[in-house]
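Please read the following note alongside the sequence and the three-dimensional view. The numbered points move from a few ring interactions to one helix, then to single residues and to the backbone.

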Amino acid sequence: MMHHSRPTNSARLAWLWRIVATLLLAAAPTFGFAQQKFTDWGWPLPYQQISPQSVQWLKSQGWWPLKIAYQAPWSGQNTINIVMDRMGLLKKRGLETKFQAFASGPAINEVIVSGRFQAGSGGNFPFTSLIDKRIPVKAIAIESPNLLHALVVPNDSPLKSFKDLKGSNPPAAIGLVTGSSAEFYVQMAAEVNGVKIGKDIILKNMSPGDQMAMPKGLAAVASWDPTPTMIVSERKTGRIIDSIYPYNMYEGQFYVREELIQHVPDVVQALSDAFVEATLWTRLHPKQAAQLMSENPQLRNYSKALLLQQIDAYNNLYKPTYVYPNGAFWGAANETIFKWLYQNKRIEHALTAKDFAAAVDPQFMDKTFEKLGWARPAQPPFIPANWSGAPDKIPYPAYETPQNLKQAQAFPQPGDLTKPWVFDGKHYAP
């Protein structure tokens with residue numbers, strides 16, 4: 001009769017430990033991931049706080065709370081600033097702020113130049129003016145890329161394209177804000193289509209509010225969203241016959257005064273982080289973002305449906321990596337503007353793409369992306385992989401815009417992540 005030896009207690013314990021060790025080893029690639037907590041909208045916790053020394057420095061400058069300027073009627077850009085403010089995303093990082101809406105870019109430039117505000121949002125025209133005047137500012141994020149600027153004609157107009165303006169007699173009158181990106185769009189469209197300003201068309205300075213009324217005597221108005229969409233979709237008094245996209249890639253900048261970078265870089269990092277967190281919060285909560293915007297006194301005349309449509313078009317259409325401040329790409333895209341402004345004596349210096357790139361500081365967005373585990377994009381997400389164009393050569397071949405992109409770009413896709421990330425309860429791996 002054979003007797004089988006029974007395992008001792010120590011042998012059983014060793015066997016159990018081997019199983020535990022094997023399971024831990026198998027889980028090793030995701031163990032750290034399990035420890036990283038994210039908000040529902042994908043921001044990694046905990047929030048990084050600014051230092052007491054930085055708070056003291058801001059107070060010594062009279063910059064506490066930090067003042068941030070933005071434009072209420074500028075779609076996409078307004079959402080980010082309003083969400084950062086109303087959701088307290090900077091307060092969570094220990095930074096007291098005061099957000100204030102302004103009517104135009106020049107008005108924001110005035111308070112930035114004087115130092116009364118220390119951070120702000122500027123379209124490509126006003127930001128160019130700051131660079132030209134050697135104001136110490138640095139762009140740290142991109143806002144509202146490819147904001148629709150459009151030529152809108154009355155419904156009963158015989159015009160069907162920009163080229164139809166050629167040979168108008170008497171000259172066709174176009175209402176727009178002179179000195180704005182809308183004027184630059186019309187100037188470039190006229191040049192490309194052989195339409196002579198002063199002979200075929202004349203430009204009449206007019207506020208966006210007046211343009212919405214589509215006054216009689218005008219052949220068309222040229223403005224940026226939400227005005228064209230308001231006229232076409234809500235008032236139904238006009239139709240779009242041309243857009244900015246072949247002639248200019250519009251973008252805005254979220255920027256800071258350079259003193260902040262030199263003395264309190266952790267404050268600038270908090271701004272960069274909160275900017276992207278607001279982008280993500282809006283991506284998960286577009287209806288709540290529209291509600292926050294509707295409560296803004298300057299936006300109360302806009303319907304929630306319009307505000308939501310604008311959020312879909314200018315906040316949530318592209319991959320969120322559109323915010324990355326690619327100085328080389330946007331500098332090249334803006335070079336056509338620089339040449340036109342200089343030739344028309346609107347700026348003092350013959351600026352180049354390098355001047356724009358020098359006014360961009362990507363180090364903070366680099367760190368923000370590192371926290372999120374996002375890969376830095378080689379070019380903006382609206383440029384197709386096989387695009388045959390160049391950002392400094394117009395007219396552009398087609399690229400992805402709010403006009404031709406029928407649904408939001410998926411994110412993340414292969415190559416977008418460098419480490420695991422969680423959004424809306426879903427786990428994504430690189």
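1. A definition is needed at the outset: a charge is said to sit over a ring if NZ of Lys or CZ of Arg is within 6 Å of the ring centre and within 35 degrees of the ring normal. The present model, which is predicted, offers an example. The charged end of K67 sits over the ring of F117, at 5.9 Å from the centre of that ring.

2. Aromatic rings also meet one another here. How many aromatic pairs does the structure hold? The number is 26. Among them is the pair of F254 and F275, whose ring centres are 5.4 Å apart and whose planes stand at 45°, so the pair is classed as tilted. This pair links distant parts of the chain, for F254 belongs to strand β12 (residues 252-257) and F275 to helix α10, with their positions 21 residues apart in sequence. Both F254 and F275 are buried.

3. A second pair has another geometry. The rings of Y396 and Y399 have centres 6.0 Å apart, and their planes meet at 85°, so this pair is edge-to-face. The cut-off that matters for this class is an angle of over 60 degrees between the planes. Y396 counts as buried at 7% relative accessibility, and Y399 counts as buried at 4%. The two tyrosines also belong to a cluster joined by ring pairs, whose members are Y245, Y318, F329, W330, F382, W387, Y396 and Y399.

4. Helix α2 (residues 52-60) shows how a helix can have two faces. Its buried residues are S54, V55, W57 and L58. Seen down the axis of α2, these buried residues fall within an arc of 160°, so they line one face of the helix. The general reason for such a pattern is that an α-helix has 3.6 residues a turn, so residues three or four places apart point the same way. The face of α2 turned away from the buried side carries the exposed residues P52, Q53, Q56 and S60.

5. What covers the buried residues of α2? The covering elements include strand β3 (66-71) and the helices α9 (258-263) and α10 (265-284). After α2 comes G62, which has a positive phi near 75°.

6. Helix α10 deserves a point of its own on account of D273, which lies within it. Is D273 buried or exposed? Its relative accessible area is 2%, and the limit for a buried residue is under 20%, so D273 is buried. The side chain of D273 makes a polar contact with the side chain of K371, at 2.4 Å. Leaving aside residues up to four places away in sequence, D273 touches W43, Q48, R93, T368 and K371.

7. A further buried residue in a helix is N78, with a relative accessible area of 2%. N78 lies in helix α3 (residues 77-86). Its contacts, not counting residues up to four places away in sequence, are Y70, Q71, A72, P73, M293 and L299. N78 and E143 are 65 residues apart in sequence, yet their C-alpha atoms are 9.4 Å apart in space.

8. Two peptide bonds that lead into a proline should be checked in the view. A cis bond joins D225 and P226, with omega about 20°; P226 is placed in the loop between β10 (220-224) and α8 (227-235). The bond from F411 to P412 is also cis, with omega near -5°, and P412 is found in the loop between α15 (363-372) and β13 (421-423).

9. Finally, positive phi values also occur in residues other than glycine. M214 is not a glycine, but its phi is positive, about 45°. M214 lies in the loop between α7 (208-212) and β10, and M214 is buried, with a relative accessible area of 15%. K345, likewise not a glycine, has a positive phi near 55°. K345 lies in the loop between α13 (327-343) and α14 (353-358). At 74% relative accessibility, K345 counts as exposed, whereas M214 is buried.

Terms used. Residues numbered from 1 in each chain as written. Predicted model: local features only at pLDDT ≥ 70, side-chain atom pairs only at ≥ 80, totals over all residues. Heavy atoms only, no water. Buried < 20%, exposed > 50% of the residue type's maximum accessible area, 1.4 Å probe, protein only. Helix = DSSP H or I, 4+ residues; strand = E, 2+ residues; numbered from the N terminus. Arc of directions from axis to C-beta. Contact = heavy atoms within 4.5 Å. Polar contact = N/O pair within 3.5 Å; in protein donor to acceptor, adjacent residues only side chain to side chain. Phe/Tyr/Trp six-rings, centres within 6.5 Å; stacked < 30°, edge-to-face > 60°.
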